[in-house]
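Subject: Structure handover

Hi there,

As promised, I am passing this structure on to you. Could you have a look at it alongside my notes below?

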Amino acid sequence: MKQLQTIAFKSGLFALMLLSLNFLYGWLQFPAEVKEAFPDWDKIQQAGEADILYLGESSNVTYGDLDFDKSSIHEFLQRHFPGLQTIGITQAAAHAGHYVKILQNIPCGKSPKSVVVTLNLRSFSPQWVFAKQAPALDKKMVLLGQGPVLWRKLMLTLRQYNRNSEADQLELTQNAWKTEPLPDWGAQSPRNVHQWDSILALKIKKETNPDRKRKLVLATHYLKAYAFQIDTLSHPRIADLDALVGLCNERGWNLTLNLLPENTQKAEELFRDTLANLMRSNADWLTRRYRHKGVDVVNLLDSLPNECFLDQDWTTEHYNEFGRRKVARLVSLSLKRQYPSAWRESLQFEQGGLSRFTNDFEGGTKWSQMHTCTTQRSHSGSMSSMVGGKEPFSVTWTSGLDKLDSTKLDSVEVSFWLYQDALDHAAAIAFEASGDSVSYMWDSLSVKRFTNRTSQWVPVKVAWKTWPEFKQADLMKIYLYNPSAKAVWVDDWIIQFK
Amino acid sequence: MQFNSAEFLLFLPLVVGAYYLFPTRFRWILLLLASYLFYMWWKPVFAVLVAISTVLDWGLALLMEKSNHPNRKLALVSLSLFANLGMLFSFKYADFFIDTINFMGGTDLGHLGWILPVGISFYTFQTLSYTLDVYAGNVKAERHLGHFALFVIYFPQLVAGPIERYSDLAPQLRVNQVLTYRNLSHGFRLVLFGLFVKMVLADRLAPHVDAVYADPSAYNGWSLALACFLYSFQIYGDFMGYSLVAMGSAKCMGVDLMENFKQPYLSRSIAEFWQRWHISLGKWFRDYVFLPLGGSRVAFSRLAVNILMVFVLSGFWHGANWTFLAWGLGWGLLYILEKAIGSWGPSIPMISGSRSLNGIRILVVFAITTLMWIPFRSMNWSNLKLMVGGLASFPSDCLNLEVEWIAWLALAVVLIADWQLQGRRIDVWMDAWSAPFRWLVYAALTYGIVVFSSQEDVAFIYFQF
């Protein structure tokens, strides 16, 4: 009996020691480690303050080179609700299981009013379920697991995550393609993805026309990404989504599932209506299932035309500016029911004919290189773009020439405010054009030609005559280039084509 | 199941708890099932091999004991040797010999390509020691198949030793072990320190050593030397860590396993090193190879042959590769050289000497050991040549291999512990500490294991043997 008493007492002492270590780890190391694994950790901690919390994968933030405004979907969504706070959390290749972990980490007692979660149809395909990068992502998410922080770290140390090798993942994918049945489309129709793929592989082998061959190859990608029937009983994503719905119900959050657009137009082009209808049937099934559970599902599957998809030779949910704006608007219309008075129509995408562009670098309009924006100094608002040292390129205006007013392409006037501590830098305003039918063109004008005043904000106006072959170019960029270590700051750009 | 896994963290307390709740006469059933579960966690099919080996040796030993004819006994023990070593050969050495035949004869024989069952070298030697002991009349044959099966597959020491003798382990598994705080706390200390050494020291060093051995030409001589130094502690931490967890797990159930390491890097001679490193294997070769060959009571030339044979076999036991043979041969020659100097040299102070002289001897033996790990760790001859060639040139540029501070700290902890142990076991040494200091050390080790362990998946080195 005495032995048992000693064991019980010492076990209690050990538990106390673990509690202390948990506190110590949570205070000393966890914050830095979790931020390293999941850079948006701070946003999770602030998510309780948000009116709208948007969770997405790469579809949220991926933009095209030709986009005027490179804002993410959640930033466009924010513009429909200017009086509300929208927080966007992005994790590439994430799926519902990861979103559950993210949401579980929102501090108790704080609640976002609405949670919008991206629902990617492709995330149900074996190719995504057993993706080769899935183990690495699972590992990153361990620190976001449940339980005390020391326990989460222990789970990471003991490698409690998917540790399959790439070969293992590929084997699982191929096995699923061989065993998961497709709908019965008739006696001659393939029974599974493997059979279908084999038929296409034979056609690719025989095909001599390069264009048709390329299309067949693309067809195999579509097939592998979208040809599946969701098994309600055993599909891990269904379990994840159910857990997500359960968590939102438990914590009283309004959940909206944003069923992302897929390129059904391309699917129809490649397979007539066979594959596209299967995609629609899966999307409809998901919509019905989760609407039945009281969730607001925005089914956007067919909402974007082919040209909105950035990747034309692969299957992704990466949209151009028009696509991202449209997704945001359609989601906002659904949220409008919750916030009728807060909703505003946002400035809509302009298809072309533009000649004037402005950016105050405050984040309202997103161009490339926005990460160079700093609060160190600014001419207006609170931010400017810092150029030099590790970041030789300023915030960059980029556009396809077809989006510009074709009658105003002879010259361009660039106005901006410049701040320089001294003149020992090599900053220059740079003009760049490229295209399939022209060779790469680049020109630069040193800013020191326009001002030598230092330690103050100085207006600079640069007029530049375009190249004769400029009108044949496809893409144009304007930015400040500073290869020297000494930084300069720019703010409040106005670009006017003439 | 690996000791440094979540499964084992759950498995061990459950088994230990159930062990003390079970009536003594049924405990063997619990441990047998638990041990098979432990082994089958990896690849269930290989448990069949253990079972075959168990039944075969159990039956052969019984027949040997009943038999009055020496020739019949010899035939039975030969059958045990043939069957056990045959299995070992098929899984471990067949492809190596096929390669050798192909190389020598210019043939193109295909590989068997069989996966090496974890721990086959360890349990094969353990069961062989039993049949050889029964043959020699040193132990009585076990009549209870279940008890014998448990001796073969007892989970704490199944896959990487220590290689136990039947006379040491089996009686401990049969007696009524009583739950005591002392056993649990000592077991806990051994497991805790073992996991720290394995997960914080060995696993933290592993990526650096692996990177250097994978491409020696990318590193300068200083870095290669550092990698060799680090490997000495990686393998020490890895194997000693495993052995400590094995001992600790068994200790929780009242069983004392043989000590496998006694501060080997503080040895003052090569002979002493081999009395302190992988002790259970050394004793096995001494009792079943060296002594039957005549031991040391023979002429020096014969002794040299016996020593060489033991070390070459030991090298070959570690792996089917010429580099292991070179490692064994090298150690054998060094051992003979030391014996020769000890025999013929007038007054070379091998036994006694001042503290500073002892320090020099320790450093010399450590340097030799570190160099001898190079063929052991090299993947093949060309890798070995690159390592040795790289080591021969020491450029003026500095190290291009960086090791995290936590690995150095863990190394310092192990060195200090080794220095202070003075022949004691770490769990016993901790008895001498004050309770607050002991709990502080528990906390530090636990924090180290959870927070500072390597995040890489590093298997125990000796699992491959």
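A crossing of two helices is called left-handed if the near helix is turned anticlockwise from the far one by less than a right angle. Please keep in mind that this is a predicted model.

With that term in hand, let me start in chain B. Helix α2(B) passes α6(B) in a left-handed crossing. Here α2(B) spans residues 27-40 and α6(B) residues 145-153, and the two pack at an angle of about 40° with their axes 9 Å apart. Angles outside the roughly parallel, antiparallel and perpendicular ranges count as oblique, so α2(B) is oblique to α6(B). On the α2(B) side, the residues making the contact include W28(B), L32(B) and Y36(B), and those from α6(B) include H147(B) and L150(B). Sorted by class, this contact has 9 nonpolar residues, 3 polar ones and no charged ones.

Next, the two chains together. Contacts link 18 residues of chain B with 17 residues of chain A. On the chain B side, α1 (6-21), α8 (181-214) and α18 (435-452) each supply at least two residues. The most come from α18(B), which gives 7 residues. By class, that side of chain B has 11 nonpolar, 6 polar and 1 charged residues.

Finally, some strands in chain A. Strand β10(A), residues 411-420, runs antiparallel to β13(A), residues 457-465, and 9 bridges join them. Within this pairing, L418(A) has V458(A) as its bridge partner. β10(A) also pairs with β15(A), residues 488-497, in the antiparallel sense over 8 bridges. There, Y419(A) stands opposite W489(A).

Happy browsing, and best wishes!

Note on methods: Residues are numbered from 1 along each chain as its sequence is written. Chains are lettered from A and ligands numbered from 1 in the order in which they are written. This is a predicted model: local features need pLDDT of at least 70, side-chain atom pairs count only at pLDDT 80 or more; totals for chains, interfaces and linings use all residues. Two strands pair if DSSP finds at least two bridges between them. Helices (H or I, at least four residues) and strands (E, at least two) are DSSP runs, numbered from the N terminus. Two residues are in contact if their C-beta atoms, placed from the backbone, lie within 7 Å. Ala, Val, Leu, Ile, Met, Phe, Trp, Tyr, Cys and Pro count as nonpolar, Asp, Glu, Lys and Arg as charged, and the others, Gly among them, as polar. Axes are lines fitted to C-alpha atoms, for helices over the stretch in contact, and angles run from 0 to 180 degrees between N-to-C directions. Angles under 35 degrees count as roughly parallel, over 145 as roughly antiparallel, 65 to 115 as roughly perpendicular and the rest as oblique.
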